[in-house]
Amino acid sequence: MQEPKTLNDIYEVTIGIDRPAIMKYKSGDRWLDVTVPEFRDTVRWLATAFHEMGVKPGDRVGILSENRPEWTMSDFATLCASAVTVPVYPTLLGWQIEYILNDASTVVLICSNQEQLDKVLEIRSHCPSLHSIIVCDPPATLPEGVLAFKDVVAHGKKYEEQHGREWFDQSRKSRTPDDLATLVYTSGTTGNPKGAMLTHGNITSNTVTVREFVPFQPGDIALSILPLSHILERMVDFLYYYKGGCVAYAENVNKVADNLGEVRPHFFGAVPRLFEKMRARVLDNVAAAPPARQKIFYWALKVAEERLPYMVDRKPMPLGLKLKSTIADKLVFGKIIARLGGRVKYVVSGGAPLSADLAAFFIGAGVEILEGYGLTETSPVIAVNRPDKRRIGTVGPIIPGVEVKIAADGEILSRGPHIMKGYWNNPEATAAAIDSE
């Protein structure tokens, strides 16, 4: 099988891997599965519906939603329809959404629920390019010009039944690595957000390269916690699908602790803030425990510190330490691992620096954290620690195919297949970020 060159190739590989479920999401108090055929057909029919709605190659389709199966299906459908995905953070306010939709000249917008729909209806008259709004959880009566997600999919299915799927297959295969795949708006610290133009080749090269270091096995389950509007979560989700995994979408930030226990994931990506909160909760519990339990906990922490170098370098521990290690796991660390669901193999940390003591706390306790570094503009990974090659307090080795150089003023310069095309509609910002080299 050939290496994928575009995200549409990743879709093609993904739908060819049999698995019990490709996605899980929580409805009420139950976790429900999305099967591979359901995913495959929804993407195809939605792309076909976009085509029928007049979405042309290169047109921009927005997604304003929390993480859920429809997010990823809409993303793949947009890409297979030869269009460009514009993720919009669901935490943004109306005027901020308006800026992005207009800057990208978005023609179709998919939103999750009533709350997001209300924001869009308020600004719709200020968004001249927006001709269709699709809502995943539709209200009882649909406002004029708003369509229900399932109706749009059904429409695409009907169109395919009448006209065949030749259009879809042609459109899906028509994309090249240089074609624009997405505009990811970075929250500018000053001024308006800028749309980083990432190509099919940018994100695919990153996914295929990182695959070598993330020991994700077919059948593994990942919990999707970070917003899909963030390129890190989106890229690792592409990786999970492409490697035959299943992605369970966390309900929201406040439910992550519950969801970890329910889904019992093998992998998840997070930001250091999440680990800080977890550690604080553990320490609070210890502080409220009887003195004897506190003593055991702090003894176990010393064992963790002692065994850390052996764990990082994967070297066998001396017998005495091994015995202490087993006791510490049983009495203390087993409970921390159980909090994460009990099956976690690896956790990827990015988005901000992970302090060395926080990394040491979790790795010493037996939670394998792999810290990496990158930017939206680099699709996103530049460097990442690997299971067999890592150093605490660093972001790990640079990934293959990517070059890094440190400028005279200490700025990190990078070059390679992961670098964006530039900023959308913003030649000045592009010139400031990318030089001839």
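The legends below describe close-up views of a predicted model.

**Figure 1. Nonpolar surface patch on helices H12 and H13.**
Ile296, Trp299, Ile327 and Leu331 form a nonpolar patch of about 330 Å² on the surface. Helix H12, residues 291-313, contributes at least two of the patch residues, and helix H13, residues 319-339, likewise contributes at least two. Trp299 is located in H12. Its relative accessibility is 32%, so Trp299 is classed as partly exposed, the class between 20% and 50%.

**Figure 2. Salt bridge between Asp329 and Arg307.**
Asp329 and Arg307 are joined by a salt bridge in which the closest N and O atoms are 3.0 Å apart. The bridge links distant parts of the chain, with Asp329 in helix H13 and Arg307 in helix H12, 22 residues apart. Asp329 is partly exposed, because its relative accessible area is 32%. Arg307, with a relative accessible area of 2%, is buried. These two helices, H12 and H13, also supply residues to the nonpolar patch of the previous view.

**Figure 3. Largest cavity of the model.**
The whole structure contains 2 cavities of 30 Å³ or more. The largest cavity has a volume of about 80 Å³. Its lining consists of Leu354, Ala359, Ile363, Ile369, Leu370, Glu371, Asn385, Arg390, Arg391, Ile392, Gly393 and Thr394. Two elements, helix H14 (356-364) and strand S14 (369-374), each provide at least two lining residues. S14 accounts for the largest share of this lining, with 3 residues. By class, the lining of the largest cavity holds 6 nonpolar, 3 polar and 3 charged residues.

**Figure 4. Second largest cavity.**
The second largest cavity encloses about 40 Å³ of space. Around this cavity lie Trp71, Thr72, Asp75, Leu228, Arg234, Asp237, Phe238 and Tyr241 as lining residues. Helix H3 (69-80) and helix H9 (231-242) are the elements that give two or more residues to the lining. H9 gives the most, with 4 residues. The lining of the second largest cavity is made up of 4 nonpolar, 1 polar and 3 charged residues.

**Figure 5. Salt bridges of Asp59 and Glu70.**
A search of the whole structure gives 25 salt bridges, and two of them are shown here. In the pair of Asp59 and Lys56, the closest N and O atoms are 3.8 Å apart, which lies within the 4 Å limit used for a salt bridge. Asp59 is buried, with a relative accessible area of 13%, whereas Lys56 is exposed at 51% relative accessibility. Lys56 is placed in the exposed class because its value is over 50%. The side chains of Glu70 and Arg68 form a salt bridge with an N to O distance of 2.8 Å. Glu70 is buried at 17% relative accessibility. Arg68 is also buried, at a relative accessible area of 15%. Both residues of this pair therefore fall under the 20% limit for the buried class.

**Figure 6. Environment of Ala49 in helix H2.**
Ala49 is part of helix H2, which covers residues 36-52. Its relative accessibility is 1%, so Ala49 counts as buried. Ala49 and Val152 are 103 residues apart along the chain. Their C-alpha atoms are separated by 6.3 Å.

**Figure 7. Environment of Val120 in helix H5.**
Helix H5 spans residues 114-123 and contains Val120. At 0% relative accessibility, Val120 is buried. A separation of 9.6 Å is found between the C-alpha atoms of Val120 and Trp95. Along the chain, Val120 and Trp95 are 25 residues apart.

How values were computed
Residues numbered from 1 in each chain as written. Predicted model: local features only at pLDDT ≥ 70, side-chain atom pairs only at ≥ 80, totals over all residues. Heavy atoms only, no water. Patch = residues over 30% accessible without salt bridge, like charges linked within 9 Å, V, L, I, M, F, W, Y side chains within 5 Å. Areas by Shrake-Rupley, 256 points an atom, 1.4 Å probe, with all protein chains shown as cover. Buried < 20%, exposed > 50% of the residue type's maximum accessible area, 1.4 Å probe, protein only. 1 Å grid on protein atoms, 1.4 Å probe; cavity = no way out; pocket = protein on both sides within 12 Å on 5 of 7 lines; lining within 4 Å. Points joined across faces, edges and corners; volume = space filled by probe spheres on them. Nonpolar A, V, L, I, M, F, W, Y, C, P; charged D, E, K, R; others polar.
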